[in-house]
Amino acid sequence: MLSNWLTSRFNQIATLLGIRITPFSKNASPQGTDPMQVLPAEILTNVFSHLGQNDCISCLTVSRHWYNVVPLYSHAIWKELRLHPRVAHMDNHLCEPYVANRIKSIVIEPSFENDWAFLPEKVSEQDVFALLKKCLDWGCDDIESIELMYCSIQLQSWFQNYLEYMASNLKRLKIIKLYSWLSIPHLFYTLPELSHFTYQSVSIEQNNGNDTRIPLFQVPSDYRTKITYLCLSLSTTKEWKESIARLCPNLRCFIDESLIFDAAWGAVDLDSLLTWCPNITFLKVNAVENRNWQQDPDTYISKSQGLQLFDANDTYGFDQIARQLTKSHDTLQYLRLHRISGTIGPDWSLVFASLQLPKLRHLILRCSRFSFASFASMLNHCLVLESIALFYMAPKLLLEITAVQSLQTMQHLRCLQLDGILDTDGHSLLTMLGRFPFLQQLFIYRSSLALAPSAKYDGLEKLKFLDLSEVSWKYDGDDMEAAVAHFFTCLTTNGKLESLRFKDVPTIGRNALQVIAKIPSLKYLDLLIDHDLVHEQDLLEFIGLLRDTVIDILKFINIDRLTFPLLEALAQLPRLSMFCTGSSQYFKPFRVTEVDKDGLTQMLSNSPNLIAIVFNTDVTVTDGGKAPLTEDQLLTLIKDQRPPPRISRCWNIEFGHDYRRQPDRDNVIHSSVVIKWFDVHFSSRFHYGHSTKVPPMF
């Protein structure tokens, strides 16, 4: 039987075209029209492009006609073949119409039956060879890319024989979490066209090519590969890594993701590496990957000469890194320096003070020690910078007013993240931001900021995104709330802000809310509610002012009660598409939001553009003086709305406590209830209240 999705899709298309169709199945009646015979090829190709490979195989069993024509409309999704041990037992005739010369990429991975497991069960050597043989039986003999995940390979000679038969023109080989050790030189020699190689091994035992399971032929001493991309992630000696690097004189990208604590044992000598591989433009050493800072190597692997991207942990060797920074000062475009948390590293002040990087566009510093004066000196020689991320791992980085005043104007800076800074006078931060007139994104995390009501600032004219998290205030006066409001006024006077996010930021009172509500361009607001400073009447006034904005997504953190007046006011926001609640560790670790039943009904009925309501806290829905509604009663209430919304639910376990196991809390809703006016899957972009409209840092 065809999948429900495919049947539904065919019916929708038929309705639009005025055609009556009945998709065939094994038990289908002959009445109706076969969609494969009446629908245009463009529509069929689009429909099948949304199916998975298993669905396509199922379509082959519908009829002989489908067996012959389905592959013609679904070839686009068969460029990559993903295999797991269970596929080894699949009948050949089901895949033969799809594979053969169409497949250019093969991925062998575990079945991932236990998603909760820390590591999936490895794919045994027997299963690996069975899957490779299955590909040969299907006629896959022109493969360009192979990826192995969580596999075990002991008989390397057999593995190389399969690669020779299947992939004589193999260009990319990626081996992730291998539970054995391979002789890399022999592997390279077998694959002369290989250009990209990634090797991550779980095993730390080396056989150095002496194991009898390794092929016995001798790799010529003058042999060199065509590899341009090399990524290694395993705990081994520097000598082994250097022996592999020597085989790759054409290398343009070298990545060593090994976590190295002893540079003398496992750190490749950078001077020697760049001598053996003079064309390297992308260099990452001892660099633990972070998804927020991932860079595409192809962006930096170009025909131009000189190092363009340098990403290093300073435990790799302070002197080595400093030398490379000096040598590459006129070519470097991306620089990331960091170190392992909890360790004490060298002082980079002297290096930064003398460093000149005129072409640098992205700078990320997570070093443990340097002065702001040296940092400012470096910035004055990096005037084309587009983004800066500054993480200070010592207690706090003091913003020195004299160094701040020495900063030159940076016309190209668009994104700035400050993590762990200390402003003691209330003027240094605002003065520094004044040097970045075209800044669009500003992040301030885990910082201590002084407030000065006398500070004057014209605002960032291009600022669109402001994110403050775990910021503490220092103020010697009596009215801190007014001082915080003045600080926000300084940052938001441009009137072009589109997104504001305040996480664990205290003392946001009525005055600050008034400032925020007067930003006409505001689309996204994530706000922490301090009930000691903000009362219900203040919130009603605030929501009323938001009617003049273009607010699209609104999130209230730490709110206790959503009363009828509040929900009624929210329903009157003309452009609101999503409303969420959330909890915060700043005040109380656990919070139950009380929601008025009539107010919720009012919001569902009257909000013109509402797409979703998300309760990321435990919720109890009250109905006057009656007992709170149970979850089933709430869902019934929602379904009775016209038009009836669709509902998506996800369990919400706060800080490791599962309230569902407490029988005395039967009237508390233990899951997030997402109310939708159309497709349920649309909520994935709103998970935990975050929107894709919030721009990434880089």
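**Strand 3 and its neighbours**

Modeller: In this predicted model, strand 3 is covered on both faces: Ser145, Glu147 and Met149 are buried on one side, and Ile146 and Leu148 are buried on the other.

Colleague: What makes strand 3 count as largely enclosed by the rest of the structure?

Modeller: A residue is called buried when its relative accessible area is under 20%. For strand 3, residues 145–149, five of the five residues are buried, so the strand is largely enclosed by the rest of the structure.

Colleague: How do you know that strand 2 and strand 3 pair?

Modeller: Pairing takes at least two bridges between two strands. Strand 2 (residues 105–108) and strand 3 have four bridges, in the parallel sense, so they pair. One position to look at is serine 105, whose bridge partner in strand 3 is serine 145.

Colleague: And what joins strand 3 to strand 4?

Modeller: Five bridges join strand 3 to strand 4, residues 172–178, and the two run parallel. Set against the cut-off of at least two bridges, that counts as pairing too. Glutamate 147 stands opposite lysine 174 in strand 4.

Colleague: Let's move to the open sheet. Which strands are in it, and in what order?

Modeller: There are four strands in the order 13-15-17-19, and the pairing is parallel.

Colleague: Why are strand 13 and strand 19 called edge strands?

Modeller: Strand 13 (397–398) and strand 19 (472–474) each pair on one side only. For strand 19, the pairing with strand 17 (residues 448–450) runs over three bridges in the parallel sense, against a requirement of at least two. In that pairing, serine 448 stands opposite serine 472 of strand 19.

Colleague: Now the charges. Which residues gather in the patch of positive charge on the surface?

Modeller: That would be Arg414, Lys462, Lys464, Lys496, Lys523 and Arg575. Lysine 462 sits in the loop between strand 17 and strand 18 (465–469).

Colleague: Why does lysine 462 count as partly exposed?

Modeller: Its relative accessibility is 33%. Buried needs under 20% and exposed needs over 50%, so a value in between is partly exposed. A patch member also needs over 30%, and lysine 462, at 33%, meets that as well.

Colleague: What about arginine 510: where does it lie, and why is it called partly exposed?

Modeller: Arginine 510 lies in helix 20, residues 510–517. Its relative accessibility is 34%, so arginine 510 is partly exposed by the cut-offs of 20% and 50%.

Colleague: How far apart are arginine 510 and glutamate 481 in sequence and in space?

Modeller: They are 29 residues apart in sequence and 8.2 Å apart in space, C-alpha to C-alpha.

Key:
Residues numbered from 1 in each chain as written. Predicted model: local features only at pLDDT ≥ 70, side-chain atom pairs only at ≥ 80, totals over all residues. Heavy atoms only, no water. Patch = residues over 30% accessible without salt bridge, like charges linked within 9 Å, V, L, I, M, F, W, Y side chains within 5 Å. Areas by Shrake-Rupley, 256 points an atom, 1.4 Å probe, with all protein chains shown as cover. Salt bridge = Lys/Arg side-chain N within 4 Å of Asp/Glu carboxyl O. Lys, Arg positive; Asp, Glu negative; His and termini not counted. Charge placed at Lys NZ, Arg CZ, Asp CG, Glu CD. Buried < 20%, exposed > 50% of the residue type's maximum accessible area, 1.4 Å probe, protein only.
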